[in-house]
Amino acid sequence: MKKLVVCCASLLVAGCMGWVAALAQSPLESGGSKQQEGGQSPAKSGATTGGVFPPMLDAQKRPITAGGFVKTGPVVFQDVAEKAGLTQWHHTMGSPDKRYIVETTGSGVGLIDYDQDGWLDIYLVNGATVGSLTGKGSVPHAALFHNNHDGTFTDVAVKAGVANDRWGFGVAVGDYDNDGWPDLYVTNLGKNRLFHNNHDGTFTDVAEKAGVTLGNWSTGATWGDYDGDGRLDLFVPGYVHYDMAAQPEPGGSTVSFSFCQFRGEKVMCGPHGLPGEPDHLFHNNGDGTFTDVSDKAGVADKGGYYGLSAVFVDVNNDGKPDLLVANDSTPNYLYLNKGDGTFEDVSYPSGYALNKDGRETASMGIAIGDYRNNGLLDLYHTTFSDDYKPLYRNDGNANFTDVSYEENIAEATVPFLGWGTAFVDYDNDGWKDLFSVNGHVYRQADQFGWGTTWAQRPLLFRNMQGKKFEMVAAVEGTGLAEVMTSRGMAVGDLFNDGRMGAVINNLDAVPALFRNVAIETNHWVAFKLIGGAKSPRDAMGATVYVTAGGVRQRGDVYSGGSFASTSDQRPHFGIGTAVKVEKVEIQWPSGVKEEIVIGAVDRFYRVVEGKGIVK
């Protein structure tokens with residue numbers, strides 16, 4: 001932890017390292033006393049942090065989480081949510097004062113082409129209030145925004161039957177019955193829903209019949225074919241075992257006061273001090289029902305950790321989807337798929353359970369991507385404020401090293417409380433960049449000199465050809481300078497123009513739609529994959545390798561990740577100035593490997609396993 005102390009101290013004096021690009025016109029100033037050495041004696045509270053740090057302020061004396069903007073610079077994102085029609089919808093979760101943890105977590109985003117017209121639609125999960133659940137008020141609806149192909153969207157959630165009307169958290173997109181139409185699994189406080197796509201613009205909740213309702217607090221689920229039978233199985237992490245009739249009060253009988261404070265101030269309780277909710281793995285029986293095989297498979301979360309996000313993805317390149325679980329204030333899980341219906345827990349020996357200081361982190365979201373273009377999937381986690389956000393470099397054979405400091409993204413992230421995150425090549429230069437959204441859980445953040453804020457701006461780090469990352473400046477009046485209470489986030493090509501943007505679900509606020517307006521002339525290709533008889537129909541678990549300009553990139557099809565969200569499942573590749581693609585290799589979930597030849601760039605290709613490119 002010595003590195004954090006030295007770097008942060010120098011950062012406050014000179015505005016060095018990761019802040020240079022973003023704050024060239026707004027130098028940082030120190031606003032507090034010497035920090036504790038993070039990780040050695042962190043402040044006791046309900047959430048794990050790296051310690052206590054002095055405020056990072058900009059030239060206007062604003063906490064850097066809501067400041068540090070520049071007047072001019074490259075413009076990457078513009079928020080077009082209002083113009084697109086998204087701001088007619090509003091997220092609601094609990095009461096405004098956020099007295100309880102259940103009111104602070106927020107909800108996810110699902111990008112789904114539900115009507116199969118080739119354009120991504122947007123599903124936004126909503127929360128609820130105690131009053132709405134007890135019949136004393138209207139229940140906030142989830143939104144399903146149909147893409148009108150002209151830059152606007154229309155909310156059809158009620159007509160489509162996916163309003164949820166429960167205290168919602170996450171959404172996972174996947175075609176569980178292999179009928180060629182994507183379905184939605186929505187996690188809630190209480191019973192979860194499985195919305196089956198009826199192929200006519202409507203859905204039917206079949207969770208009860210399928211046996212996947214559960215019943216307490218579920219979060220960021222993921223679909224994946226873990227046993228290789230060609231059908232999607234479902235993993236659902238549990239967060240806190242929560243009783244709405246006896247919510248945890250500071251100093252009450254259910255939780256110690258020590259777990260209801262932050263930096264000596266009284267705050268909402270948890271998750272430390274509260275009972276954890278188990279995780280569940282449901283095997284797809286192929287008849288519309290599922291069987292809970294959590295114990296048999298070895299992923300039942302016997303430690304009772306606080307799971308927030310999960311994803312099935314192949315991290316050791318053996319062709320079988322492994323399972324990642326980001327846990328809040330407890331060690332993360334990495335389960336390696338053994339190929340016999342069970343998993344091996346390698347969380348600690350892999351280096352993924354803890355950060356480089358041997359500390360557990362308050363993990364919120366997971367970004368998955370090969371940022372070095374070497375064929376290995378690396379992982380990035382968003383965590384609590386007063387802690388850096390770890391970047392886990394994949395060294396092969398499921399061994400990971402936390403390289404946040406080496407890659408220049410550690411100290412800049414300390415004041416932020418991160419949620420949704422993704423590797424995304426925003427400038428199509430062929431190197432995956434890193435985007436995350438932020439927002440605090442304590443309403444008191446604006447009242448005290450913690451150097452952080454309730455609403456926070458997003459962070460975008462540009463990948464410098466796999467060697468390090470540089471922060472992209474937050475230009476005033478653009479998306480990166482927008483201060484929000486962000487939670488769920490999904491990235492995708494919403495406008496089919498080859499530019500990756502983002503949809504952000506903001507707590508107790510309207511959503512944001514970040515359209516990519518970066519000025520660049522780089523080229524791209526993207527793929528819609530359709531699995532064959534022995535693969536899931538939506539090709540979940542497929543890996544695509546594209547070689548262009550002498551650079552070989554990797555893209556994967558997966559569900560979940562980020563924070564309780566599902567991004568565009570069409571692998572997208574920026575290829576820089578290259579005007580042709582030399583090779584496309586696809587490893588299908590069935591194990592079949594296939595090469596295809598494409599004739600042009602700057603377009604989507606629809607590929608069917610065993611048949612190549614189809615119209």
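How much space lies in the second largest cavity? In this predicted model, the second largest cavity holds about 80 Å³ of space. Of the 14 residues that line this cavity, Ile-101, Tyr-239, Asp-328, Met-364 and Val-441 are the closest to its centre. Its lining comprises ten nonpolar residues, three polar residues and one charged residue.

A search of the whole structure finds five cavities of 30 Å³ or more. The largest cavity contains about 440 Å³ of space. Its lining is made up of 31 residues, and those closest to the centre are Ile-368, Phe-423, Asp-556, Tyr-558 and Asp-568. By class, 13 residues of this lining are nonpolar, eleven are polar and seven are charged. At least two lining residues come from each of the strands S22 (365–369), S26 (418–424), S35 (551–556) and S36 (572–576).

Strand S22 also pairs with strand S23, in the antiparallel sense and over five bridges. Within this pairing, Gly-365 stands opposite Thr-382 of S23. Strand S24 (residues 391–394) likewise runs antiparallel to S23, to which two bridges join it. Here Leu-391 of S24 is the bridge partner of Tyr-380. Strand S23 spans residues 378–382, and five of its five residues are buried, so the strand is largely enclosed by the rest of the structure. In a regular strand, side chains alternate between the two faces of the sheet. In S23, Asp-378, Tyr-380 and Thr-382 point one way, Leu-379 and His-381 point the other way, and all are buried.

Nonpolar side chains tend to be buried together in soluble globular proteins. The largest nonpolar core of the model has 37 residues, and Leu-194, Trp-223, Phe-527 and Leu-529 have the most contacts inside it. Elements that each supply at least two residues of this core include helix H5 (207–210), strand S13 (233–236), strand S33 (523–530) and strand S34 (543–548). Strands S36, S37 (583–587) and S39 (603–608) each do so as well. Leaving aside its neighbours within four places in sequence, Phe-527 is in contact with residues including Val-544, Val-546, Phe-573, Val-584, Ile-596, Ile-598, Phe-604 and Val-607. Arg-570, Pro-571 and Tyr-605 are also among the contacts of Phe-527. A second, separate core has 35 residues, among them Trp-217, Tyr-242, Trp-450 and Ala-564.

Pockets were examined in addition to cavities. The largest pocket holds about 600 Å³ of space. Its lining has 27 residues, of which Asp-113, Gln-116, Lys-528, Leu-529 and Arg-570 are the closest to its centre. Leu-529 is thus listed here as well as among the residues with the most contacts inside the largest nonpolar core. Arg-570, likewise close to the pocket centre, is in contact with Phe-527. Two or more residues of the pocket lining come from each of strand S4 (109–112), strand S8 (167–174), S33 and S39. The lining divides into twelve nonpolar, six polar and nine charged residues.

The second largest pocket has a volume of about 410 Å³. Among the 28 residues that line it, those closest to its centre are Asp-314, Gly-319, Lys-320, Pro-321 and Pro-589. Strand S18 (307–313), S34 and S35 each contribute at least two residues to this lining. By class, ten of the lining residues are nonpolar, nine are polar and nine are charged. Strand S35 thus supplies residues to the second largest pocket and also to the largest cavity.

Conventions:
Residues are numbered from 1 along each chain as its sequence is written. This is a predicted model: local features need pLDDT of at least 70, side-chain atom pairs count only at pLDDT 80 or more; totals for chains, interfaces and linings use all residues. Side-chain values use heavy atoms; hydrogens and water are left out. On a 1 Å grid over the protein atoms alone, a cavity is a set of points where a 1.4 Å probe fits but cannot get out, and a pocket is an open set with protein on both sides within 12 Å along at least five of seven lines; lining residues have an atom within 4 Å of a point. Grid points are joined across faces, edges and corners, and a volume is the space filled by probe spheres set on the points. Helices (H or I, at least four residues) and strands (E, at least two) are DSSP runs, numbered from the N terminus. Ala, Val, Leu, Ile, Met, Phe, Trp, Tyr, Cys and Pro count as nonpolar, Asp, Glu, Lys and Arg as charged, and the others, Gly among them, as polar. A nonpolar core is a set of buried Ala, Val, Leu, Ile, Met, Phe, Trp, Tyr and Cys residues joined through side-chain atoms within 4.5 Å. Buried means under 20% relative accessible area, exposed over 50%, partly exposed in between (1.4 Å probe, protein chains only). Contact means heavy atoms within 4.5 Å. Two strands pair if DSSP finds at least two bridges between them.
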